[in-house]
Amino acid sequence: MLLLFFLFFYLYIQIIQDKTSTYEDSKQVAMNETPLNTADTVTRYHGASRYDIVAGEGAEGAKGIAFVPVNNKDKGIIYQTVSKATTKKEMLSSWQSSCNECDLLSIQPAIDKDKPLWEITYLDHQNRYVLDYYRMRNGEFYEQLRFKQ
């Protein structure tokens with residue numbers, strides 16, 4: 001029983017390390033190839049391709065988000081300046097006014113076909129798991145996925 005516990009613990013650690021193993025490289029690439037001078041957070045997005053999403057600040061405190069492709073080095077980095085985009089707070093406010101009976105699960109940056117997006121995950125009034133995507137540039141609706149539980 002103790003051996004099984006250590007085996008599961010070891011596998012868990014290996015999976016977490018594999019997930020975050022590209023974060024440091026992505027931070028460096030983002031700071032070298034975009035206006036970012038610092039990297040505050042790095043997250044992962046799995047869509048058609050895997051991306052590390054690096055959020056940070058550039059010169060004079062200008063915030064930005066770099067979408068760094070993980071496996072496809074031929075694809076270039078996509079950079080979005082936060083001041084020229086719908087902010088997370090604005091997107092959340094807009095979504096809450098249109099879906100008042102929904103339970104928010106998360107909101108995070110996403111990317112599809114080289115378009116920076118906001119991904120809002122929630123449970124709707126029919127208890128469906130829903131993913132809404134909005135363009136980061138202007139907050140326009142992009143796509144919706146609904147799943148029955």
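## A walk through the chain

The chain folds into 3 helices and 8 strands. Please keep in mind as you look around that this is a predicted model. Reading from the N terminus, the elements come in the order α-α-β-β-β-β-α-β-β-β-β. A pair of helices therefore opens the chain, as the order shows, before a run of four strands, one more helix and another four strands.

Let us begin with the overall picture. The C-alpha trace spans about 50 × 45 × 25 Å along its principal axes. The chain has 149 residues, and 35% of them count as buried. Its exposed surface comes to about 9700 Å², with carbon and sulfur atoms supplying 53% of that area. As for charge, the chain carries 17 positive and 19 negative charges, and the mean positions of the two sets lie 3 Å apart. Contacts tell us how the sequence is brought together: among those between residues at least 6 apart in sequence, 30% join residues at least 24 apart.

Now turn to helix α2, which covers residues 23–33. Which residues of this helix are buried? They are Y23, S26 and A30. These three sit on the same side of α2, because they cover an arc of only 60° around the axis. What do the buried residues of α2 pack against? Their partners are helix α1 (2–20) together with the strands β1 (38–46), β2 (50–57) and β3 (63–69). If you rotate the view to the face turned away from this buried side, you will find the exposed residues D25 and N32.

The aromatic rings make a good next stop. The chain has 5 aromatic pairs. One of them is formed by F5 and F9, which are stacked, with 6.4 Å from centre to centre and 15° between the planes. Both residues belong to helix α1, where they lie 4 residues apart, about one turn of the helix. F9 is partly exposed, at a relative accessible area of 46%. F5 and F9 also join F6 in one aromatic cluster.

A further pair brings together W95 and Y122. Their ring centres are 4.9 Å apart and their planes meet at 55°, so this pair is tilted; the tilted class takes in angles that are neither under 30 degrees nor over 60. Here the pair links distant parts of the chain: W95 is in helix α3 (residues 88–98), Y122 is in strand β6 (residues 115–123), and the two are 27 residues apart. Are these two residues buried or exposed? W95 counts as buried, at 2% relative accessibility. Y122 is buried as well, with a relative accessible area of 4%. Both values fall below the 20% cut-off, which is why the two residues are classed as buried.

Staying with strand β6, we can finish at K115, which has its place in that strand. K115 has 30% relative accessibility and so counts as partly exposed. Which residues does K115 touch, once its neighbours within four places in sequence are left aside? The contacts are A110, R135 and Y142. For a sense of distance, you can also look from K115 across to T41: the two are 74 residues apart in sequence, and their C-alpha atoms are 20 Å apart in space.

Terms used:
Residues numbered from 1 in each chain as written. Predicted model: local features only at pLDDT ≥ 70, side-chain atom pairs only at ≥ 80, totals over all residues. Heavy atoms only, no water. Buried < 20%, exposed > 50% of the residue type's maximum accessible area, 1.4 Å probe, protein only. Contact = heavy atoms within 4.5 Å. Areas by Shrake-Rupley, 256 points an atom, 1.4 Å probe, with all protein chains shown as cover. Lys, Arg positive; Asp, Glu negative; His and termini not counted. Charge placed at Lys NZ, Arg CZ, Asp CG, Glu CD. Arc of directions from axis to C-beta. Phe/Tyr/Trp six-rings, centres within 6.5 Å; stacked < 30°, edge-to-face > 60°.
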